[in-house]
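Q: I'd like a close look at one part of this model, the central sheet and what packs around it. Please take me through it step by step, with the cut-offs behind each term.

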Amino acid sequence: MVKLICFDCGQTNRVPEDRLDAGPKCGTCGAALVEGKARELDAATLAKAIRTDEMPLVVDFWAPWCGPCRTMGPEFSKAAGAMKGRARLVKVNTEMHPQAAASFGIRGIPTMIAFSGGREAGRRSGALPAAQIEAFASGAGRR
């Protein structure tokens, strides 16, 4: 069983590992748990997901005014689709959630941080193509 936080209602769900790519839904609200797309999170949901999720979590810290962030956005979304069932890719807007960026020591954007087992497993700054984002996310799951 793999524990995953519902990004819609915040509840913890347990999903059989062999069912991760079968479209599991939250037992409380019915929202998809493994969507294959990048989701925007607030600081509280991010903190809970880092503590609880048993699937690698890759966070893109970005801002709407940042040119490289806007360039990387579609690539991050492509990588999220390719990583469906193996990692969850999420975004945190540093303009809307500056406390989240500060708590992780974000000094430049875009910055990706991979979390595995409740701990930081890797960090990468700068805009990357989807293939490099996927490689980064895959590497985080092995730590």
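The sheet and its surroundings

A: Let's begin in the sheet, where β4 and β6 run antiparallel and are joined by 5 bridges. One residue pair to look for is Val-58, which stands opposite Ala-114 in β6. The model is predicted, with local features needing pLDDT of at least 70 and side-chain atom pairs pLDDT 80 or more, while totals for chains, interfaces and linings use all residues. Residues are numbered from 1 along each chain as its sequence is written, and side-chain values use heavy atoms, leaving out hydrogens and water.

Now widen the view. The open sheet is formed by 5 strands in the order β3-β5-β4-β6-β7, and their pairing is mixed. Strands (E, at least two residues) and helices (H or I, at least four) are DSSP runs, numbered from the N terminus, and two strands pair if DSSP finds at least two bridges between them. The edges are β3 (39-40) and β7 (119-125), each of which pairs on one side only.

Two helices lie against this sheet. α1 packs on the sheet and touches β4, β5 and β6, with a direction at about 155° to that of β4. Helix α2, residues 67-82, also packs on the sheet and touches β4, β5 and β6; here the angle of about 155° is with the direction of β5. Such contacts are heavy atoms within 4.5 Å, and the angles, from 0 to 180 degrees, compare N-to-C directions of lines fitted to C-alpha atoms, for helices over the stretch in contact.

α1 deserves a longer look. Its buried residues are Ala-43, Thr-45, Leu-46, Ala-49, Ile-50 and Thr-52, where buried means under 20% relative accessible area, exposed over 50%, and partly exposed in between (1.4 Å probe, protein chains only). These buried residues pack against β1 (2-5), β2 (12-15), β4, β5, α3 and β6. At the N-terminal end of α1, Asp-42 acts as a cap, with a side-chain oxygen 3.3 Å from the backbone nitrogen of Ala-44. Ala-44 is itself in helix α1, and it counts as exposed because its relative accessible area is 57%. In sequence, Ala-44 and Ala-100 are 56 residues apart, yet their C-alpha atoms are 8.7 Å apart in space.

Next comes the nonpolar core. The largest one has 17 residues, and those with the most contacts inside it are Leu-46, Leu-57, Val-59 and Phe-61. At least two of its residues come from each of α1 (43-52), β4 (57-62), β5 (88-93), α3 (98-103) and β6 (111-116). α1 gives the largest share, 4 residues. A core here is a set of buried Ala, Val, Leu, Ile, Met, Phe, Trp, Tyr and Cys joined through side-chain atoms within 4.5 Å. A second, separate core has 16 residues, among them Ala-38, Ala-87, Met-112 and Ala-114. Ala-114 is the residue we met opposite Val-58.

Phe-61 is a good place to zoom in. Leaving aside residues up to four places away in sequence, Phe-61 touches Leu-46, Val-92, Thr-94, Ala-100, Ala-101, Phe-104, Ile-106, Ile-109, Pro-110, Thr-111 and Ile-113. Two of those partners share a cis peptide bond: from Ile-109 to Pro-110, omega is near 0°. Pro-110 sits in the loop between α3 and β6.

A charged-type side chain is worth following too, that of Arg-88 in strand β5. Arg-88 counts as buried because its relative accessibility is 5%. Its side chain reaches the backbone oxygen of Ile-5 at 2.8 Å. For such a polar contact, N or O atoms lie within 3.5 Å; within protein, one must be able to donate a hydrogen and the other to accept it, and residues adjacent in sequence count only if both atoms are side-chain atoms. Beyond four places in sequence, Arg-88 touches Leu-4, Ile-5, Phe-7, Leu-33, Asp-53, Met-55, Pro-56, Leu-57 and Val-58.

Ile-5 then leads to a neighbouring hairpin. Its bridge partner in β2 is Thr-12, and Lys-3 has Arg-14 as its partner there. Over 4 bridges, β1 and β2 pair in the antiparallel sense. There are 6 residues between the two strands of this hairpin, and Gly-10 in the turn has a positive phi of about 85°. Side chains alternate along β2: Asn-13 and Val-15 point to one face and are buried, whereas Thr-12 and Arg-14 point to the other and are not.
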